[in-house]
Amino acid sequence: MTIDNPAAYWDPLWASGRRYRQLSPEEQELTSRFLGAGHGRPALDIGCGDGSLAQYLHGGLGYRTTAIDCSSAALEVAQAEQDTSDGPHFLQLDIETDDIRALPEAGYAVVTCRLVFAFIKDKAAFLDRIRYLLPPGGTFWVVTPLAERLPDERKCIGISPQYAELLTASWSSAYSADLDTLRCYALRP
């Protein structure tokens with residue numbers, strides 16, 4: 001499912017109180033296993049929504065985290081749910097259309113994309129942007145539903161085998177782990 005105007009689509013959903021899949025202990029464990037301790041290195045969370053992954057990266061794993069979302073309503077929720085002033089830095093930015101030079105770092109040790117990849121319009125261009133942001137040794141962490149594991153009415157929020165192939169091609173290493181309907185990918189340049 002691609003969305004022509006992401007902010008216009010997501011803003012009313014977040015503003016109405018809609019919430020999406022929470023970050024489970026099992027997902028946290030996989031994230032920790034594949035990304036490791038941050039030691040203050042920079043991380044970028046794309047499509048941060050309520051900020052739960054960004055907060056885990058920042059407070060749980062020790063990354064210096066910037067969290068972006070195209071939805072101002074999602075960012076309001078994320079900032080309201082932040083425990084302290086020493087949390088992730090939240091920024092409204094559409095990764096597909098806005099200038100990524102507006103990001104506070106030129107490169108990131110970790111870039112995450114949780115429950116977002118299926119909604120990206122130009123997936124190849126998006127992956128090029130990610131490669132630009134990841135230095136050698138960095139990790140692109142993608143958590144996405146697989147369409148084949150979803151009921152027919154929800155297949156649009158998952159990725160097809162062809163998009164899974166596009167996602168994992170052209171990386172020096174690609175690891176994955178399954179978590180019910182989700183597949184988690186650790187991709188390295």
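Phe119 counts as buried because its relative accessibility is 13%, where buried means under 20% relative accessible area, exposed over 50% and partly exposed in between (1.4 Å probe, protein chains only). The model is predicted, so local features need pLDDT of at least 70 and side-chain atom pairs count only at pLDDT 80 or more, while totals for chains, interfaces and linings use all residues. Residues are numbered from 1 along each chain as its sequence is written, and side-chain values use heavy atoms, with hydrogens and water left out.

The structure contains eight aromatic pairs; rings of Phe, Tyr and Trp (its six-membered ring) pair if their centres lie within 6.5 Å, with planes under 30 degrees apart counted as stacked, over 60 as edge-to-face and the rest as tilted. In one of these, the ring centres of Trp10 and Tyr20 are 5.7 Å apart and the planes stand at 80°, so the pair is edge-to-face. Trp10 belongs to helix 1 (residues 6-15), whereas Tyr20 lies in the loop between helix 1 and helix 2 (25-35), and the pair thus links distant parts of the chain, 10 residues apart. Helices (H or I, at least four residues) and strands (E, at least two) are DSSP runs, numbered from the N terminus. With 16% relative accessibility, Trp10 counts as buried, and Tyr20, at 25%, counts as partly exposed.

Trp10 also pairs with Phe119: their ring centres are 5.3 Å apart and their planes at 90°, so this pair too is edge-to-face. This contact joins distant parts of the chain, from Trp10 in helix 1 to Phe119 in the loop between strand 4 (110-114) and helix 5 (123-133), 109 residues apart. Together with Tyr9 and Trp14, the residues Trp10, Tyr20 and Phe119 form one aromatic cluster.

Three members of that cluster reappear at the largest pocket: Trp10, Tyr20 and Phe119, with Leu115 and Val116, lie nearest its centre among 40 lining residues. On a 1 Å grid over the protein atoms alone, a pocket is an open set of points where a 1.4 Å probe fits, with protein on both sides within 12 Å along at least five of seven lines, and lining residues have an atom within 4 Å of a point. The elements giving two or more residues to this lining are helix 1, strand 1 (42-46), helix 3 (52-60), strand 2 (64-69) and strand 5 (139-145). Helix 1 gives the most, with five residues.
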